[in-house]
Amino acid sequence: MSIHDANLSGNYTVLRDLSGPSLQKRSASDFANLFGPLRERNLDLFSAALMVPAFTSQPQVGSDNHLHLTGRFTTRPKQLVFDFVFEVDGGTWKPSSLSVGLQIPAN
C-alpha cells in the first residue's frame, strides 16, 4: 500500500522512511525513478491489498536473516508480480528490497 500511495501522490519520502536501512540509503527521487513506470501506467495497486497473494515460492527467512516473499496477485488483465525482501530493524520487519511488475498470466 505504501507503493500505491507513493505512486498516487508522487511523494516517495514516506515509503523510503518506512523502509529498512538498506533502502533508506536511497533518495526519494531514486524511489520515484524506480517506480516511475508503474506510476506512468496509472496502475491501481489498491485492489491487490484486498487479495490473497499467490506465492511462487514459500516465504522463508534465509541465512542472512532476511525474509523473502515472491509471488503474484491474480489481477486482470495482467498479474501483479512482486519480489520483496525484508530485514529486521528495531524489532520490526522493514523492506530492504522491493520489486513490482506486471505479467501476462499463463493460460
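Two strands are taken to pair if DSSP finds at least two bridges between them. In this predicted model, strand β2 (residues 60-61) meets that condition with β3, to which it is joined by two bridges in an antiparallel arrangement. Gln60 has His68 of β3 as its bridge partner. The hairpin formed by β2 and β3 has five residues between the strands, and Asn65 there adopts a positive phi near 65°.

β3 has further partners. Strand β1 (residues 54-55) also runs antiparallel to β3, again with two bridges, and here Phe55 lies opposite Gly71. Gly71 is in turn the bridge partner of Phe82 in β4. Seven bridges hold β3 and β4 together as antiparallel strands, and a hairpin of five residues connects them. With these neighbours in view, it is pleasing to turn to burial: β3 is mostly covered, five of its seven residues being buried.

The largest nonpolar core comprises 20 residues, and Ile3, Tyr12, Leu15, Phe35, Phe84 and Val100 have the most contacts inside it. Two or more residues come from each of α1 (2-9), α4 (28-40), β3 (67-73) and β4 (79-89), with α4 giving the most, five residues. Val100 offers a helpful view of this core: beyond its neighbours within four places in sequence, Val100 is in contact with Ile3, Phe35, Leu38, Leu80, Val81 and Phe84.

Nonpolar side chains also appear at the surface, where Met1, Phe46 and Leu50 make a patch of about 340 Å². Phe46 belongs to helix α5 (residues 46-49). The relative accessible area of Phe46 is 42%, so this residue counts as partly exposed.

Technical notes: Residues numbered from 1 in each chain as written. Predicted model: local features only at pLDDT ≥ 70, side-chain atom pairs only at ≥ 80, totals over all residues. Heavy atoms only, no water. Core = buried A, V, L, I, M, F, W, Y, C linked by side-chain atoms within 4.5 Å. Buried < 20%, exposed > 50% of the residue type's maximum accessible area, 1.4 Å probe, protein only. Helix = DSSP H or I, 4+ residues; strand = E, 2+ residues; numbered from the N terminus. Contact = heavy atoms within 4.5 Å. Patch = residues over 30% accessible without salt bridge, like charges linked within 9 Å, V, L, I, M, F, W, Y side chains within 5 Å. Areas by Shrake-Rupley, 256 points an atom, 1.4 Å probe, with all protein chains shown as cover. Salt bridge = Lys/Arg side-chain N within 4 Å of Asp/Glu carboxyl O.
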